[in-house]
Amino acid sequence: MALIEHRILDAGLYLPVNHSPHQCRRPYCCGIAGVSLGFIAKTFPMLVRASKFLLVGVMVTLVHLTISYSLVHLGYPLLLANCIAFVIAFFISYFLQSSFTFEHGYSVSKLLQFGGAALTALLASQCVAYACILLSIPDKWGVLFSGLTPPGISFLLNHFLVFRARREP
């Protein structure tokens with residue numbers, strides 16, 4: 001293992017020379033190509049937040065799709081299956097996005113705002129599901145298309161409205 005030492009450069013970049021990365025005690029040190037992860041987090045907070053949102057969103061979308069596919073397989077109509085799956089995914093998403101992605105506490109007001117954003121995403125998802133029905137697209141594709149609609153809408157609404165950073169006076 002190569003030894004490296006850090007020389008702090010402008011803007012939080014580290015020049016690796018002389019110590020082992022696994023022994024480094026500097027926070028956010030030994031990042032990608034010597035760029036500190038703290039520097040990336042401070043410089044591109046929306047990128048970090050979007051990455052966290054994506055991680056949670058992929059998991060919640062898989063939950064949504066699994067429940068929706070299962071319900072359709074059991075004979076539920078596509079629109080009902082999509083709604084049931086969406087509600088379950090909504091609560092999982094709120095708790096994970098609130099605590100992990102946006103690092104806010106839980107509150108009824110945030111839950112209601114998150115619910116408003118989720119209802120907007122659900123409406124878009126239901127429109128896609130209904131369009132699939134009108135266009136005679138098979139249910140398995142309708143589930144996929146309607147399940148993949150909400151993430152982008154949800155991120156934008158949550159980032160810019162629900163969990164927006166408070167400006168300090």
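Does leucine 80 count as buried, partly exposed or exposed, and at what relative accessibility: what do the close-up views show?

**View 1. Leucine 80 and the nonpolar patch on the surface of this predicted model.** Leucine 80, which lies in helix α3, counts as partly exposed because its relative accessibility is 41%, a value in between the limits of 20% for buried and 50% for exposed residues. Leu80 belongs to a nonpolar patch on the surface, and its partners there are Met59, Leu74, Tyr76, Ile84, Ile88 and Ile92. Together, the residues of this patch have about 590 Å² of accessible area. Helix α3, which spans residues 78-101, provides the largest share of the patch, namely four residues.

**View 2. The whole protein chain, with its helices and strands.** The chain has two strands and six helices, and a reader who follows the sequence meets them in the pattern β-β-α-α-α-α-α-α. The protein chain has 169 residues, of which 34% are buried.

**View 3. The cavity inside the model and the residues that line it.** By rolling a probe the size of a water molecule over the atoms, one can see where empty space is left. In this structure there is one cavity of 30 Å³ or more, and the space in the largest cavity comes to about 260 Å³. The lining of the largest cavity is made of 18 residues, and those closest to the centre are Val60, Phe86, Ser93, Pro150 and Ser154. Helices α2 (45-73), α3, α4 (108-134) and α6 (150-162) each contribute at least two residues to this lining. When the lining residues are sorted by class, 10 are nonpolar and eight are polar, while no charged residues are found among them.

**View 4. Leucine 122 in helix α4 and phenylalanine 86.** Leucine 122 is part of helix α4, and this residue is buried because its relative accessible area is 13%, where the limit for buried residues is under 20%. Along the chain, leucine 122 and phenylalanine 86 are 36 residues apart, while their C-alpha atoms are separated by 7.3 Å. Phe86 also appears in the view of the cavity, as one of the lining residues closest to the centre.

**View 5. Alanine 117 in helix α4 and leucine 161.** Alanine 117 is likewise found in helix α4, and its relative accessibility of 5% is why this residue counts as buried. Between alanine 117 and leucine 161 there are 8.7 Å in space, from C-alpha to C-alpha, although the two residues are 44 residues apart in sequence.

**View 6. Threonine 101 in helix α3 and valine 48.** Threonine 101 has its place in helix α3, the helix made of residues 78-101. With a relative accessibility of 3%, threonine 101 counts as buried. In sequence, threonine 101 and valine 48 are 53 residues apart, and in space their C-alpha atoms are 8.7 Å apart.

**View 7. Serine 136 in the loop between α4 and α5.** Serine 136 is placed in the loop that joins α4 to α5 (139-148). Because its relative accessibility is 63%, serine 136 counts as exposed, the limit for this class being over 50%. The phi angle of serine 136 is near 55°, which is a positive value in a residue other than glycine.

Notes:
Residues numbered from 1 in each chain as written. Predicted model: local features only at pLDDT ≥ 70, side-chain atom pairs only at ≥ 80, totals over all residues. Heavy atoms only, no water. Patch = residues over 30% accessible without salt bridge, like charges linked within 9 Å, V, L, I, M, F, W, Y side chains within 5 Å. Areas by Shrake-Rupley, 256 points an atom, 1.4 Å probe, with all protein chains shown as cover. Salt bridge = Lys/Arg side-chain N within 4 Å of Asp/Glu carboxyl O. Buried < 20%, exposed > 50% of the residue type's maximum accessible area, 1.4 Å probe, protein only. 1 Å grid on protein atoms, 1.4 Å probe; cavity = no way out; pocket = protein on both sides within 12 Å on 5 of 7 lines; lining within 4 Å. Points joined across faces, edges and corners; volume = space filled by probe spheres on them. Nonpolar A, V, L, I, M, F, W, Y, C, P; charged D, E, K, R; others polar.
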